[in-house]
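Here are my notes on the model you sent over. I've kept them as numbered points so you can check each one against the coordinates.

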Amino acid sequence: MLAATIAGVNADDPIAGLRVGEHREPVLPDTDWTVVQVRAASLNHHDIWSLRGVGTPKNAPLPRVLGCDAAGVDESGREVIIHALINDPEWAGEEILDPRVTILSDMYDGTFAERVAVPKRNLVIKPAALSFEQAACLPTAWVTAFRMLFVLAGVQPGSTVLVQGAGGGVATAAIMLGRAAGVRVWVTSRTAEKRARALELGADQAFETGTRLPDRVDAVLETVGAATWAHSTKAVRPGGVIVVAGMTSGTNPPLDLERIYMAKLRIVGTTMGTRDDLEQLVQFCGEHDIRPPVHSVLPLAEARTGFESMLTGDLFGKVLLRP
C-alpha cells in the first residue's frame with residue numbers, strides 16, 4: 001500500500017528522512033485491534049518533530065508510517081474518527097496520564113497510509129455533517145485546543161483568552177471553539193495576513209506578537225514557546241492560568257519565577273486529550289455548526305509538499321492528505 005514513512009531522523013533537515021512509496025500492510029497486534037481504510041489524514045507538528053528525532057521513544061522502529069490524525073471507514077463500514085493515543089489496555093485512568101501511552105506513529109504505524117491498524121476502543125463515530133477532511137482535523141490539534149480551553153483553563157462565557165500564534169492548528173481551533181462558547185478571544189501573530197484571517201474566524205482582537213494588550217487576560221494558550229513566553233507571563237492576570245501544549249519556536253525560555261509566584265499564576269501542561277474529550281469535541285462542533293478550516297488537501301503521493309508548507313509556516317488551518 002502507499003504510505004508516507006520516516007526512514008531516518010535529521011534534526012537540521014527533517015524532510016530528508018521522509019519517504020513516500022510502498023509499505024507493508026497493517027498488522028493487528030491482537031483481536032482488540034481493527035483496520036481502518038483512511039479517507040483523509042491531517043499533518044501536525046508532531047510529524048515534524050518525529051522527523052527531527054525529538055520526543056519519540058528511543059526504540060521506535062524504522063521505517064514506520066507517520067501521521068496521528070485520520071478519518072475513514074472501519075471493517076464494519078462505519079465512518080469513524082481515530083483517537084490517536086495508544087494505551088496500555090490495563091490502564092484505568094485518563095489515557096493521557098498513562099506512563100506507557102504513545103501517540104499513533106511513535107511506536108505503531110500511523111495514518112499517512114491507505115490503511116491503518118488501531119485499537120477498536122480508539123474509534124469515534126464521524127457525524128455525517130463533517131466531511132472526512134474536516135473530521136481528520138480533530139483528533140490532535142482540535143482536541144488539544146478543546147482540552148486547553150474547557151478542561152484546563154476552565155473558561156466560561158465572558159472570559160478573555162489570549163491565543164499565541166494565530167495560524168497554527170491549535171490556535172485556529174481555539175479561536176473557533178472559544179467564539180462559539182461566548183469567550184472573548186484575543187490572538188497574536190507576526191503577520192498582518194494571519195491576524196486578518198484570525199478576525200475572520202471569530203477572534204475579537206488580533207495583535208502583533210509581543211504587543212502590550214489593552215488588559216490582562218484570564219488565560220493564555222501557549223503553543224509557540226520561547227518567542228512568546230515572556231509576553232504570555234506578562235499578559236495573564238494575577239491568579240490566571242497559562243496552558244502550554246507546544247514549543248514551535250524553541251524550548252527553555254526564561255521562566256520569570258518572580259512574576260509567576262508574585263502574580264500567583266498557574267502553569268499547566270497538556271498533550272492532546274482523552275477519547276472522551278474527542279467525543280465531546282465532535283458533539284460541540286455539531287451543536288455549533290463548526291467546520292475546521294483547511295489550508296490544503298493533497299494526494300498522499302504529494303505528502304512532501306505538505307511537510308514543506310508546515311516547515312515554512314506558510315499556512316492557515318490544516319494540511320490534509322488524501323490516499
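1. A definition before anything else: helices are DSSP runs of H or I with at least four residues, strands are E runs of at least two, and both are numbered from the N terminus. Keep in mind that this is a predicted model. With that naming in hand, aspartate 256 sits in the loop that runs between strand 15 (236-244) and helix 7 (257-262). Its phi is positive, near 55°, and it isn't a glycine. Aspartate 256 counts as partly exposed because its relative accessibility is 36%.

2. Now the overall picture. The protein has nine helices and 18 strands. The C-alpha trace spans about 55 × 45 × 40 Å along the principal axes. A compact globule of 323 residues would have a radius of gyration near 20 Å, and the 19 Å found for the protein agrees with that. Of the 323 residues, 54% are buried. If you take contacts between residues at least 6 apart in sequence, 71% of them join residues at least 24 apart.

3. Helix 3 deserves a look on its own. Covering residues 138-152, it spans only 18 Å between its end C-alpha atoms, whereas a straight helix of 15 residues would span 21 Å at 1.5 Å a residue. Helix 3 is also mostly covered, with 12 of its 15 residues buried. Among the buried ones are Trp142, Phe146, Arg147 and Met148. After helix 3 comes glycine 154, with a positive phi near 60°.

4. How do helix 3 and helix 8 cross, and how far apart are their axes? The axes come within 9 Å and cross at roughly 90°, helix 8 being residues 275-287. Angles of 65 to 115 degrees count as roughly perpendicular, so helix 3 and helix 8 fall in that class. On the helix 3 side the contact is made by Leu138, Pro139, Trp142, Val143, Phe146, Arg147, Phe150 and Val151; on the helix 8 side, by Asp277, Leu278, Gln280, Leu281, Val282, Phe284 and Cys285. By type, the residues of this contact are 12 nonpolar, one polar and two charged.

5. Helix 1 (residues 45-52) and helix 9 (residues 303-312) make another pair to check. They pack at an angle of about 95°, their axes 10 Å apart, and are therefore roughly perpendicular to each other. His45, Asp47, Ile48, Leu51 and Arg52 are the helix 1 residues here, and they meet Phe307, Met310 and Leu311 of helix 9. That contact breaks down into five nonpolar, one polar and two charged residues.

6. Staying with helix 1: its buried residues are His46, Asp47, Ile48, Ser50 and Leu51. The cover over these residues includes strand 1, strand 2, strand 3 (33-42), strand 4 (64-65), strand 8 (102-103) and helix 9. Helix 1 is followed by glycine 53, where phi is positive, near 85°.

7. What does valine 9 touch beyond residues up to four places away in sequence? Ser50, Leu51, Arg52 and Gly53. Valine 9 belongs to the loop between strand 1 (2-6) and strand 2 (18-22). The C-alpha atoms of valine 9 and serine 50 are separated by 7.4 Å, though the two residues are 41 apart along the chain. Despite those contacts, valine 9 counts as exposed, at 52% relative accessibility.

8. Some backbone geometry to flag. Most residues other than glycine have a negative phi, and most peptide bonds are trans. Leucine 62 and proline 63 are joined by a cis peptide bond, with omega about -10°, and proline 63 is in the loop between helix 1 and strand 4. Serine 105 has a positive phi, near 100°, without being a glycine. It lies in the loop between strand 8 and strand 9 (115-119). Is serine 105 buried or exposed? Buried, with a relative accessible area of 1%.

9. Last, arginine 197. This residue is in helix 5 (residues 192-201) and is partly exposed, at 31% relative accessible area. The C-alpha atoms of arginine 197 and valine 35 are separated by 38 Å, with the two positions 162 residues apart along the chain counted as their separation.

Definitions and conventions: Residues numbered from 1 in each chain as written. Predicted model: local features only at pLDDT ≥ 70, side-chain atom pairs only at ≥ 80, totals over all residues. Heavy atoms only, no water. Axes fitted to C-alpha atoms, helices over the stretch in contact; angles between N-to-C directions. Parallel < 35°, antiparallel > 145°, perpendicular 65-115°, else oblique. Contact = heavy atoms within 4.5 Å. Nonpolar A, V, L, I, M, F, W, Y, C, P; charged D, E, K, R; others polar. Expected span 1.5 Å × (residues − 1). Buried < 20%, exposed > 50% of the residue type's maximum accessible area, 1.4 Å probe, protein only. Rg over C-alpha atoms; globule rule 2.2 N^0.38 Å.
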